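Grab a pencil and have a look at the picture below. A few short exercises follow, each with its solution worked out.

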Amino acid sequence: MTLHLKHKKMKYSYKNNLKGLLFTSPWIIGFLVFSLYPICISLYYSFTNFNIFMSPEFIGFDNYADLFTDDLFYKSLTNTVYMAIFGTGISIIFSLISAMLLNMKVKGQSIFRTIFFLPSIVPVVASTLMWTWIYNPQYGILNKIMSFFGLPELNWLSNPALTKPSLVLMGVWSTGTMIIIFLAALQNVPIQLYEAAELDGAGAFQKFLHITLPSISPIMLYQIILGLIGNFQYFTQAYIITGANGGLNVASGGPENSILFYALYLFQNAFVYLKMGKASAMAWILFIIAGIITYLLIKTSKTWVDYGQGGDKNE
Amino acid sequence: MNKRTSGKNFTKYLILILISMIFLFPFLFLISTSLKSMDEAFSNSFHLIPQTIHWDNYIKAFQKIPFLTYTKNTVVITLINVIGQLIVCPMIAYGLSKIEWIGKKIIFGIILATMLIPYQVTMIPVYMIWNKLNLVGTIIPITLPAFFGNAFYIIILTQFFKTIPNSILEAAKIDGASEFRIYSKIVLPLCKPALATVAIFTFLNTWSDFLGPLLYLTEQKSWTLSIGLQQYMSAHYVEWTLLMAASAMFTIPIVILFFFAQKKFVEGIVTTGLKD
């Protein structure tokens with residue numbers, strides 16, 4: 001190993017190192033200024049009391065202590081965990097099913113694919129406005145459809161029990177990116193595997209369990225990680241919906257704070273209550289949570305992600 | 001046997017069409033509302049096709065929201081972002097794929113890792129930097145960062161550059177071409193398809209961005225469509241016909257772009273999703 005490294009080191013000439021550094025320098029500078037420095041200083045900020053108008057004043061663990069006794073902090077955390085589990089889970093199941101349907105030799109596959117993908121490129125402000133109107137209890141189309149089928153009309157965005165499921169449904173609508181990635185992964189599964197399984201008399205479900213799932217498991221891991229991290233940062237839709245009812249209350253968390261998500265509460269702390277130290281502490285807790293989740297997923301993935309099969313066949 | 005397959009086929013299409021309808025119906029409802037009079041939008045009976053078609057909602061949206069100013073701001077910010085990413089991302093990707101140097105693997109690893117950092121972690125310190133520089137309220141905080149590259153696009157381009165055979169570059173090197181010359185005259189022209197992908201994704205992301213403008217564009221005259229529409233909605237919650245007309249106009253440029261470059265969209269998503 002060391003020998004190998006030494007050999008490698010010799011390969012890198014001074015000139016090449018300089019060139020490499022020069023070509024990548026924009027990113028390196030950007031990383032130092034917009035990522036590394038902010039991450040470090042954010043940790044310091046989390047131990048201070050400060051905002052736009054006052055410079056940081058060191059207060060030790062007060063912000064963390066404050067958070068751990070703050071009901072809204074726990075509320076925002078549980079709301080976000082709900083979104084991470086159900087938002088990610090349902091989107092992944094739905095998009096995998098859609099991708100498998102598309103992957104069956106269907107006529108007009110590209111038309112269906114376009115239709116499935118289109119919602120995901122709609123700007124999030126436009127789609128949230130649209131869904132707020134769809135969910136309108138009196139004039140929205142969803143309740144009109146419900147009453148057409150004789151179902152009860154519901155207060156989608158004002159009943160605290162329904163707000164989060166409504167957001168999950170909104171998310172499923174714009175899950176096109178996931179569908180495209182799953183579809184590409186499914187198309188990469190070697191067809192011989194299915195043929196061999198059929199000869200062995202495997203049914204559709206067995207083929208799915210023993211061939212499809214293992215073959216796409218690396219992509220599944222990628223989707224789960226990005227989905228979870230994305231949902232832990234869930235912000236824009238909640239910000240728009242909570243600000244929609246007249247917009248007077250900028251620090252709202254929706255009905256009974258049912259859509260006060262972590263990123264929304266963090267934003268309110270930083271820019272509405274001007275408690276930037278507390279918000280920085282929240283940011284670091286989020287950072288640690290995201291790190292632990294990613295680590296655990298990658299660590300446990302060795303037991304369920306199969307990197308060999310697809311790769312070998314493709315080589 | 002034949003009957004069974006055709007039955008299976010039928011259910012397959014039935015489900016696909018059903019899902020398609022669920023995907024498409026919100027769009028229809030949006031367009032339908034955008035063409036209705038306020039009275040009809042707020043009536044208890046529902047017609048998908050408006051009883052009288054009100055194109056003037058679109059004109060009113062221009063006057064009341066002010067749609068034109070917001071569009072202009074959005075276009076300017078989006079274009080600067082596209083230009084920035086197109087200048088630096090291929091350079092960085094070249095440095096990570098075609099030059100053998102000590103930092104190649106390390107930097108690529110860090111770039112991958114940065115994709116996992118939640119935006120909220122850097123949000124406050126970065127805001128404080130711009131605040132100290134007195135640049136909050138200008139478009140600089142949401143345009144200048146584009147000139148330092150973006151992890152997602154660098155990865156797309158690095159993967160693409162790896163497919164360009166090194167023999168082409170070595171031949172040019174023997175002829176005495178400088179590294180920058182090889183990059184700009186040989187590699188860049190070869191990677192036009194990947195550059196198009198980067199341009200499209202930058203366009204899409206900047207066009208739709210909400211949090212950046214929310215944090216930094218404090219004056220109404222510099223608002224983008226995202227923040228402008230959100231603010232209009234919170235102030236005039238009931239004007240749904242105008243809001244839907246504005247949302248439609250906000251979305252249409254992206255839908256047009258999508259139909260022109262559908263392949264690039266799919267390629268871009270699949271490259272970052274499938275390769276490690």
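The exercises go from the contact between chains to the domains inside each chain.

This is a predicted model, where local features need pLDDT of at least 70, side-chain atom pairs count only at pLDDT 80 or more, and totals for chains, interfaces and linings use all residues. Residues are numbered from 1 along each chain as its sequence is written, with chains lettered from A and ligands numbered from 1 in the order in which they are written.

**Exercise 1.** Work out what chain A brings to its contact with chain B.

- Start with the count: chain A gives 76 residues and chain B gives 74 residues (in contact means C-beta atoms, placed from the backbone, within 7 Å).
- Next, find the main contributor on chain A's side: helix 2 (residues 14–45) has the largest share, 20 residues (helices are DSSP runs of H or I, at least four residues; strands are runs of E, at least two; both numbered from the N terminus).
- Finally, sort chain A's side by class: 55 nonpolar, 18 polar and three charged (Ala, Val, Leu, Ile, Met, Phe, Trp, Tyr, Cys and Pro are nonpolar, Asp, Glu, Lys and Arg charged, the others, Gly among them, polar).

**Exercise 2.** Describe how the two domains of chain A meet.

- Set the bounds: domain 1 is 15–62 and domain 2 is 65–314 (from an automatic or database domain assignment).
- Their C-alpha centres are 30 Å apart.
- Eleven residues of domain 1 touch ten residues of domain 2.
- On the domain 1 side, strand 1 (48–51) of chain A supplies the largest share, four residues.

Methods
Contact = placed C-beta atoms within 7 Å.
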